[in-house]
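Trainee: I've just opened this one and don't know where to begin. Can we walk through it together?

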Amino acid sequence: MVEEYTRLYDNNTRDYYCLLLVLLSVCSPYLGYLSHRAPVQFQCCFHRVENCCGVALKRRQTASFELLFHWMEYYDDDCALRVVGELWTGRGADESALGGECWSVCFAPDESRLAWSAGYRQVVLIPWDRYKTCLSYQDEEGGADLQGEGRGPAVSAPEEIRLDTNFLVTSMAFGTSTPQEELESSSSRRKGYYMRVSCTKHLLLASGHNKGRIRVWDPYNGRLMLDLTDHTKPVTSLAFARDGSLRLASGSEDGTVKIWDMTDDGNMFKTLRDHRRPVRCVAWSPDSKLLCTAGDKQKVMLWSTVTYTVLCHLSGHYNDVLSCAFSPDGATLATASADTRVLVWDTCTGEPIRELNHVSPQPGIIYMSGSNSSAVNCVAFSPDGCHLATVCEDGLLRHWRLSSGQENVESARSSAEGDEMLNCSFSPLGGTLAVGHASGSVILFSAPAEVPSLLHLARMSLRRCFGDVVSNRSFLLPYSLKPFLQYRQW
């Protein structure tokens, strides 16, 4: 591993030195999430660079520093998708039709909880922080049991919380009053945030339902805290802002997107009506300054969350857009569509920069714009920004390595024949990939892990801290770095 990174410094390219100097001078706090397990030391010579990107250099010819890399959970030497656990309902896909599907599975930002919509109005909350290293299987009495293999003594069944929501669950999302950057750099601070509802926890769970309701729960005891009723059709997507403001965005089949303020007892203060067709997915950017909404009739919109006006329409799909996800630094956006493709966009320019085809060779527009068996149901970015996961109606889970060509993709099929994959999500640390199925079950995969390149970490830090550094004239970056910083090169 040392050779992999030291070769970056053997290349006498001033552009790379510029990028690394910016990382080391102003963006190093972003590396706080890296673990202490794999330290790597470097010594670099900077004596030929007098001034770079506005960073004044000391009169030292060498600079030494150490980066601490994190080996992701469930790390596998063969870097292949493999099943590490299962949350099983005991039903088949046919038995779960019209109400028994798992439409959502999500992780708490601090990895303390896993929420699983098990179908037929049931939501199961599992203490993920305690049992994420254990395998899950179904016991003889039908209860979930977790037992580690090769990770110490067996443990008892998790202290799960089961919620009877009284309505079919169509979407879920965790929200926290702690900003995302604080969750990554330090332990969470707990504080209350309601005016009338007494709550001293730092975490919320919102569930969307088929009758247009949104219910807000305390995930620590399962208590119903708020019941929000303003949508007139099923709530297809929920997302909390990541800045700790506890703003909740909801998309519905009624064609509207509504913004709720949990710090004001769930007050709905904004309605976005530009879609006019069913909204399938909503997503906040990591800095919560942008909101993406996607839905039927190929509509994808980027909104300013300051003025709640449309910044741009992303045009490129030929069918309904079913899912969207921002990269960890907010520089790119991935959208999944029923046209068999995933498009990756530049969030600053609104231009597509990558296309991932799920049918080879790529079909014609007539096939993509009509009903087909290769619609991409969901897309998710890995926390390191180097990978994408997609689930498709062809029955395959795909794990794309963005740093390579399109051909570098690994796939896995559902364990049960005919059990369609409906959604997928990465754990906050990225080691686990949860996939919800039409039977209501959830399969947990180990995501192929790798140590991101130092250049990629530098790029993520720059884009996350400063946004569009390419068009920002205060950054005197070399012209040859611009395609790299715009993710047009890896």
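Trainee: Okay, which residues touch the most other members in the largest nonpolar core?

Mentor: Keep in mind that we're looking at a predicted model. The largest nonpolar core has 16 residues. The ones that touch the most other members are Ala 334, Val 342, Leu 356, Val 379, Phe 381 and Leu 388.

Trainee: And which strand gives the most to this core?

Mentor: Four strands each supply at least two residues: β25 (332–337), β26 (341–346), β27 (352–357) and β28 (376–381). With 3 residues, the strand that gives the most is β28.

Trainee: Let's pick Leu 388. Setting aside residues up to four places away in sequence, what does Leu 388 touch?

Mentor: Start with names from the core list: Leu 388 touches Ala 334, Val 342, Leu 356, Val 379 and Phe 381. Its contacts also include Val 344, Ala 380 and Leu 402. To finish, add Arg 398, His 399 and Trp 400.

Trainee: Moving on to Gly 175: buried or exposed?

Mentor: Gly 175 is in strand β12, residues 169–176. Leaving aside neighbours within four places in sequence, it is in contact with His 202, Leu 203, Leu 204, Phe 240 and Leu 246. Its relative accessibility is 2%, so Gly 175 counts as buried.

Trainee: How many Å separate the C-alpha atoms of Gly 175 and Ala 108?

Mentor: Along the chain, Gly 175 and Ala 108 are 67 residues apart. In space, their C-alpha atoms are separated by 7.6 Å.

Trainee: Next, Thr 305. Which backbone oxygens does the side chain of Thr 305 reach?

Mentor: Thr 305 is in the loop between β22 (300–304) and β23 (310–313), and it's buried, with a relative accessible area of 7%. A polar atom of its side chain lies 2.6 Å from one backbone oxygen, and the side chain reaches another at 3.1 Å. In that order, the oxygens belong to Ser 288 and Lys 289.

Trainee: There's an open sheet of 4 strands too. Which strands stand at its edges?

Mentor: The order is β5-β34-β33-β32, with antiparallel pairing. A strand at the edge has a single partner, so one side is left without a neighbour in the sheet. That fits β5 (82–87) and β32 (421–426).

Trainee: How many bridges join β33 to β34?

Mentor: Strand β33 covers residues 432–437 and β34 covers residues 442–446, and the two run antiparallel. Gly 436 stands opposite Val 442 in β34. The number of bridges joining the strands is 5.

Trainee: Last stop, β18. Why is strand β18 largely enclosed by the rest of the structure?

Mentor: Look at both faces: Val 257, Ile 259 and Asp 261 are buried on one side, and Lys 258 and Trp 260 on the other. So β18 is largely enclosed because the buried residues of the strand number 5 of the 5.

Trainee: And which residue in the turn between β17 and β18 has a positive phi?

Mentor: Strand β17 (residues 247–252) pairs with β18 in the antiparallel sense over 5 bridges, with Leu 248 opposite Trp 260. The two form a hairpin with 4 residues between them. The turn residue with a positive phi, about 85 degrees, is Gly 255.

Trainee: On to β19: what is the bridge partner of Ile 259 there?

Mentor: β18 and β19 (residues 267–272) pair in the antiparallel sense over 5 bridges. Their hairpin has 5 residues between the strands, and Asp 265 takes a positive phi near 60 degrees. In β19, the bridge partner of Ile 259 is Lys 270.

Note on methods: Residues numbered from 1 in each chain as written. Predicted model: local features only at pLDDT ≥ 70, side-chain atom pairs only at ≥ 80, totals over all residues. Heavy atoms only, no water. Core = buried A, V, L, I, M, F, W, Y, C linked by side-chain atoms within 4.5 Å. Buried < 20%, exposed > 50% of the residue type's maximum accessible area, 1.4 Å probe, protein only. Contact = heavy atoms within 4.5 Å. Polar contact = N/O pair within 3.5 Å; in protein donor to acceptor, adjacent residues only side chain to side chain. Pairing = 2+ DSSP bridges.
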